[in-house]
Amino acid sequence: PSNDISSQKFIRVEKPLIQLVGESVSLPDARCGHIQYGNNGSVFYHSSGEHEKGYAVCMSCGRAESMTNEGNVPNALRPDKEHKPIGGGSVGSENVKNCSGEAVKKNVYLGYQISTDVLELFLKSPKTGQWLSDSAEDRIIATTLAVAIRDVLADRLGISSSEMGFSCRVNRDTESGSKRSVIQIFDQASGGAGFVLTGLDDLIDLISSAENKLKCIADCENVCSSCLAAQDSRVEQEELDRKAAKQWLEDSNYLSFLCLPKALQSIPGAVYCSRGPNQFIRRAVNILNSISEQATLRLMLNGDTSLWDLGSSHFRDQIFRWQLVDKVQVELCLASAKGLSDEIKRDLKRIAELDVAIVEVQSTSNIFALMSLQVLSEASTHTLFCTENIALIPSDGWLKPSKNQTWASSLQ
């Protein structure tokens, strides 16, 4: 480190590496792609030095300088010379170089990792079925959309957009084998600040508003202070193209496809739900608890009964956690007990002995067939619906969202 302004050095800022293992939920129309989110995302910041050859670091005092362009240790930290300890010694001409160069380790790449909230969007054209690919052009489009979505969310929360970071990564679709660009938005605060995940509350409007964010009153060629660089000047260092991003949305007619499937549209008051069942239950129960309402959780069991596994630890742990920890009355609902195997009947009886109500619901309604669960009280009913009843089969995969399922909620 030096305060000699006559010799300034530029060290390129590396893009952080972001990894997330979270819940995946389809967008309203699965042809538009899906999202993945979680509060345990890993963000790795790293630096390779001025010449991208790493650093020479003194393991005794901590002083560090970039390796030379040839990959050699810089003169100031040569092993055969002593150097001034970082932050140590006197000032001015009395500086003392008394730290041995023998403690210098070369070719060190610096980095640190935080855990935080992350939201990822996997977008594809509903017209062509093609993902935003790994091409240079599509990566620029994905990064531009990440900035636009982040800025819209920051505006809604009334915070600086720099409170959230953005990035783009490339992964491979396991079904088609094609590579795709993934939009990433994350909280800058270690441990997460909850900013990013609030975007799940109205994700469709968030994406729609992002398209408006791509318009510039100054009609700039790329980005400027009148559009995407209005709050965060650092985005001007990124390779962005607002016109290409806007054109991709228009060519794929993307926003017009962001509506519920016809089966869910017929449900009174149904709106797209981007949160998985567990988070939906948690939020509904918290709302009822806040107004001192006793909650009842009604869970639908559906699908091929030959696939039912009522002894699944995942299935039972969930039920008893809601009942014992959250103090919620749990009801398991099935269309009919007729035709159930003796083993299933015995398992249901054991569950009933633990104060879990087993309820037969007689209904031929198409709406009932799509119903996944309800959180009820005397004052309100929160209902969650799903396009796939495979999520309702009691097993290790019970109530686990996937990128092929669309969820909708209703308060009616």
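1. How many residues apart in helix 7 are D347 and R350, and what does that make in helical turns? D347 and R350 are three residues apart in helix 7 (residues 342-352), so about one helical turn separates them. Their side chains meet in a salt bridge, at 2.7 Å from N to O. Please keep in mind, here and in every point below, that this is a predicted model.

2. Let us stay with D347 for a moment. D347 counts as buried, at 13% relative accessibility, because the cut-off for buried is under 20%. R350, its salt-bridge partner, is partly exposed, with a relative accessible area of 42%. Leaving aside neighbours within four places in sequence, D347 is also in contact with L310, G311 and R316. When you look at helix 7, where D347 lies, those three residues are worth finding as well.

3. Now for the whole chain. You will find eight helices and 18 strands in it. The radius of gyration is 27 Å, well over the 22 Å that the globule rule gives for 412 residues, so the chain is more spread out than a compact globule. Taken along the principal axes, the box filled by the C-alpha atoms is roughly 90 × 50 × 45 Å.

4. A few totals help to fill in the picture. Of the 412 residues, 47% count as buried. The accessible surface of the chain comes to about 20,700 Å², and carbon and sulfur atoms account for 47% of that surface. Among contacts between residues at least 6 apart in sequence, 68% join residues at least 24 apart.

5. What about charge? The chain has 42 positive and 51 negative charges. The mean positions of these two sets are 2 Å apart. The count of salt bridges comes to 15, and the pair D347 and R350 in helix 7 is one of these pairings.

6. Another salt bridge to look at is the one between D201 and R283, where the closest N and O atoms are 3.4 Å apart. D201 lies in the loop between strand 11 (179-187) and helix 2 (203-213), and R283 lies in helix 5 (residues 277-290), so the pair ties together parts that are 82 residues apart in sequence. D201 is partly exposed, with a relative accessible area of 46%, and R283 is partly exposed too, at 40%.

7. The pairing of K243 with E221 is a further salt bridge, with 3.8 Å between the closest N and O atoms. This pair links distant parts of the chain: K243 is in helix 3 (residues 242-251), while E221 sits in the loop between helix 2 and helix 3, 22 residues apart. Are these two residues buried, partly exposed or exposed? K243 counts as partly exposed, at 34% relative accessibility. E221 counts as exposed, at 63%, because the cut-off for exposed is over 50%.

8. The loop between helix 2 and helix 3 also holds D219. D219 is not a glycine, yet its phi is positive, at about 50°. D219 counts as exposed, with 53% relative accessibility.

9. L399 makes a useful companion to D219. Its phi is positive as well, at about 60°, although L399 is not a glycine. You will find L399 in the loop between strand 17 (381-386) and strand 18 (407-410). Is L399 buried or exposed? L399 is buried, with a relative accessible area of 1%, whereas D219 counts as exposed.

10. One last stop is A263, which has its place in helix 4 (residues 262-265). A263 counts as partly exposed, at 42% relative accessibility. How far apart are the C-alpha atoms of A263 and T116? They are separated by 36 Å, and the two residues are 147 residues apart along the chain.

Definitions and conventions
Residues numbered from 1 in each chain as written. Predicted model: local features only at pLDDT ≥ 70, side-chain atom pairs only at ≥ 80, totals over all residues. Heavy atoms only, no water. Helix = DSSP H or I, 4+ residues; strand = E, 2+ residues; numbered from the N terminus. Rg over C-alpha atoms; globule rule 2.2 N^0.38 Å. Buried < 20%, exposed > 50% of the residue type's maximum accessible area, 1.4 Å probe, protein only. Contact = heavy atoms within 4.5 Å. Areas by Shrake-Rupley, 256 points an atom, 1.4 Å probe, with all protein chains shown as cover. Lys, Arg positive; Asp, Glu negative; His and termini not counted. Charge placed at Lys NZ, Arg CZ, Asp CG, Glu CD. Salt bridge = Lys/Arg side-chain N within 4 Å of Asp/Glu carboxyl O.
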